[in-house]
Amino acid sequence: MDLRYSFSYFGAALGACIYWRYVMYELLFCVEDKTDPAIQLVESLTAKYPQVEASIFLGGSNVGVNPKINNMHPGYEAAKYELVMISDSGIKMKSDTLLDMVYSMGEKYALIHQMPFTCDREGFAATFEKIFFGTVQSRIYLSADLLSINCHTGMSCLLRKSVIDELGGLKTFGCYLAEDFFIAKAVIEHGWKMRISSQPAMQNSGICDISSFQARLIRWAKLRVAMVPSTILLEPLSECMVLGALTSWSASLIFKWDPLVFYLVHILTWLLSDWLMLCTVQNGSLPFHKFEFVIGWLFREMSGPYLFLHALWSPNIQWRARTYKLHWGGIAYELPLSNNSSKDVSNNGLLTS
């Protein structure tokens, strides 16, 4: 079993402390900022575990507008094993996660990805994130996978390097901000399959606040609209409040039912279904009370339509200190530097092969 792991930022401890149990692998740490304190952490770990093959790649390269691709490209080019795992710096893994993903990589598969979820953390922002990823995101992600719709998120995925090389390497996707979507699209178009790992990707970013997370959701919505324009019509209809209002109005016209009663029953049924889904994805006890779930769930459902409209109103994408504009189809170009900055740090990747 040939395995290789490439981390960016704080993925370091994971590689050195856990992946000793795999037969052949290496750790590739890709760090964009040469002054990042994570470099010292990586150097201390490589000194502590000299038997682990590890390399640090600083500064990235300029192969496109996508910061994550630019950051990981030197590490990817240096990769020497067939299986390559990319993992963002904020992903926390279990000791058997990589093994699970490798076992999922059948002969006809070239891409194994993890469904986004979150680690247990304290605070309402952490509760809000867990509710979103355990309900809305999980529902869309699993439904898309069942219907063979491209739902790949690149925060944690296992790739066949030979297949990606045939497509031109990672640099081919540097012109897209949503490189994960287009990598999966190209893999499928070339006759390969992809599947979801049985373990979710446990996000554990150091930044956990409502405004940053909502900015992240807005950015994702902008990307979806540019890549799949039908999202403009279909996505609002997947929202509990919007769909409930439409069905209540329809029921009152067709069956003469009380629209308010129908609407309340609809919301209650949706809430209970989401609670069951969240508990299933969590696969254990939740770190918050049921009352906190209700408050967080209502906040998510009521703010969802607003965030989507916000994304339509302002199509430019803010990613850290950079601002991008998307063409229809997903190709992006960078706009002049603005004074605004985003707190999202998801452009730091972990690459494993």
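**Exercise 1. How α5 and α6 pack**

In this predicted model, helix α5 (residues 124-134) and helix α6 (residues 136-146) pack with their axes 3 Å apart, at an angle of about 20 degrees. Decide how the two helices are oriented to each other, and state which residues make the contact and of what class they are.

Solution.
- Step 1. Angles under 35 degrees count as roughly parallel.
- Step 2. The angle here is about 20 degrees, so α5 is roughly parallel to α6.
- Step 3. From α5, the contact is made by Ile131, Phe132, Phe133 and Gly134; α6 contributes Val136, Gln137 and Ser138.
- Step 4. Sorted by class, the contact has 4 nonpolar and 3 polar residues, and no charged residues.

**Exercise 2. A salt bridge between α3 and α8**

Find which residue the side chain of Lys68 meets in a salt bridge at 3.9 Å, N to O, and decide whether each partner is buried or exposed.

Solution.
- Step 1. A salt bridge needs a side-chain nitrogen of Lys or Arg within 4 Å of a carboxyl oxygen of Asp or Glu.
- Step 2. Lys68 meets Glu179 at 3.9 Å, N to O.
- Step 3. The pair links distant parts of the chain, 111 residues apart: Lys68 lies in helix α3 (residues 67-78) and Glu179 in helix α8 (residues 179-189).
- Step 4. Buried means under 20% relative accessible area.
- Step 5. Lys68 has 4% relative accessibility, so Lys68 counts as buried; Glu179, at 7%, also counts as buried.
- Step 6. Lys68 and Glu179 are also linked with Asp88 in a network of salt bridges.

**Exercise 3. Two bridges of arginine**

Arg121 and Arg224 each take part in a salt bridge. Name the partner of each, and decide whether the residues are buried or partly exposed.

Solution.
- Step 1. The side chain of Arg121 meets that of Glu129 at 3.0 Å, N to O.
- Step 2. Arg121 counts as buried because its relative accessibility is 18%; Glu129 counts as buried at 6%.
- Step 3. Arg224 pairs with Glu235, with 2.6 Å between the closest N and O atoms.
- Step 4. This pair links distant parts of the chain, 11 residues apart: Arg224 is in helix α9 (residues 210-227), while Glu235 is in the loop between α10 (231-234) and α11 (240-254).
- Step 5. Arg224 has a relative accessible area of 30%, so Arg224 is partly exposed, whereas Glu235, at 17%, is buried.

**Exercise 4. The total**

State how many salt bridges the model has.

Solution.
- By the 4 Å rule, the count comes to 12 salt bridges.

Note on methods: Residues numbered from 1 in each chain as written. Predicted model: local features only at pLDDT ≥ 70, side-chain atom pairs only at ≥ 80, totals over all residues. Heavy atoms only, no water. Axes fitted to C-alpha atoms, helices over the stretch in contact; angles between N-to-C directions. Helix = DSSP H or I, 4+ residues; strand = E, 2+ residues; numbered from the N terminus. Parallel < 35°, antiparallel > 145°, perpendicular 65-115°, else oblique. Contact = heavy atoms within 4.5 Å. Nonpolar A, V, L, I, M, F, W, Y, C, P; charged D, E, K, R; others polar. Buried < 20%, exposed > 50% of the residue type's maximum accessible area, 1.4 Å probe, protein only.
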